[in-house]
Amino acid sequence: MSERILRLVLLGPPGSGKGTQADLLASQLGFVHYSTGEVFREQISQGTELGRWVESYVARGALVPDEVVLAVVEEFIRQHGQQSIAFDGFPRTVPQATGLDELLKRQSAQVDRAVLIDLSDDEVVRRLSSRRQCRNCSRIYNLSFSPPKNASVCDVCGGELYQRADDQEETIRSRLRVYAEQTSPLIDYYKQQGKLVRLDGSLGRDRVFADLKQLVEQLR
Ligand code: ADP
Ligand code: ZN
């Protein structure tokens with residue numbers, strides 16, 4: 001079976017479910033889930049030079065400078081250029097989007113679709129304040145609508161569940177401002193290229209994924 005290799009960009013405010021959907025694309029449809037936020041959190045927890053450099057940005061919900069992000073992504077694309085990729089939380093600015101286009105072009109590839117997962121600000125705050133993540137395997141839970149059996153233990157691997165430092169209400173509000181100012185212009189960027197697909201993030205994980213799966217099957 002020769003399936004088309006696809007590059008999907010998942011767009012949407014923090015907490016809209018990009019990471020959850022990218023996980024499903026990886027586990028069910030063979031995509032590589034690539035989250036720049038996850039890369040930064042790993043580097044920070046390992047105390048690497050990159051981690052120390054980006055820590056202050058991530059902690060206050062500000063964007064890491066484009067050049068740094070693009071250097072990290074360039075390395076990733078060099079290694080994974082010939083696989084289907086779900087980009088989660090990248091690109092986040094117009095310069096990052098044009099940078100991604102250039103990096104993919106070198107591999108004779110392109111962004112196939114940008115999938116916007118829409119969610120209201122109030123719902124974002126509600127979701128993120130009850131979000132928990134596994135320290136060990138990075139799986140995401142929500143204490144209100146996808147609760148683990150035990151509030152502090154991962155169902156899958158038994159790892160410790162924690163609340164991200166940037167999931168406090170004040171930081172959530174500033175991430176939403178950053179999203180509105182710097183990331184939402186990408187909606188037009190991809191719309192103008194005829195690549196935008198809009199999904200309603202309030203429908204919940206399984207309904208959103210059903211639509212996403214249908215999209216992938218059509219494109220393949
Ligand atoms: P969320 O989508 O829930 O806000 P992420 O895990 O995608 O969380 O990102 C967490 C933080 O990492 C961001 O608030 C930002 O500081 C940094 N970050 C992640 N991806 C990027 C990016 N593409 N450009 C700039 N900063 C980024
Ligand atoms: Zn786990």
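This is a short chat about a zinc site and a pocket in a predicted model.

Student: Any ground rules on numbering and confidence?
Tutor: Residues are numbered from 1 along each chain as its sequence is written, and chains are lettered from A and ligands numbered from 1 in the order in which they are written. The model is predicted, so local features need pLDDT of at least 70 and side-chain atom pairs pLDDT 80 or more, while totals for chains, interfaces and linings use all residues; side-chain values use heavy atoms, with hydrogens and water left out.

Student: Which residues coordinate the zinc ion (ligand 2)?
Tutor: The SG atoms of Cys134, Cys137, Cys154 and Cys157, at 2.3 to 2.4 Å. Donors are N, O and S atoms within 2.8 Å of the metal (3.2 Å for Na, K and Ca); water is not among the atoms, so sites may look incomplete.

Student: How are the donor residues spaced in sequence?
Tutor: The pattern is C-x2-C-x16-C-x2-C.

Student: Why is the arrangement called tetrahedral?
Tutor: Because the angles between the four donor atoms run from 98 to 117 degrees, and four donors count as tetrahedral if all angles lie between 85 and 135 degrees.

Student: Is Cys154 buried or exposed?
Tutor: Cys154 is buried, at 3% relative accessible area. Cys157 is partly exposed, at 33%. Buried means under 20%, exposed over 50%, partly exposed in between (1.4 Å probe, protein chains only).

Student: New topic. Which element gives the most to the lining of the second largest pocket?
Tutor: α2, with five residues. Helices (H or I, at least four residues) and strands (E, at least two) are DSSP runs, numbered from the N terminus. A pocket is an open set of points on a 1 Å grid over the protein atoms alone, where a 1.4 Å probe fits, with protein on both sides within 12 Å along at least five of seven lines; lining residues have an atom within 4 Å of a point.

Note on methods:
Four donors count as tetrahedral if all angles lie between 85 and 135 degrees; four count as square planar and six as octahedral if opposite donors are over 155 degrees apart and all others between 65 and 115; anything else is irregular.
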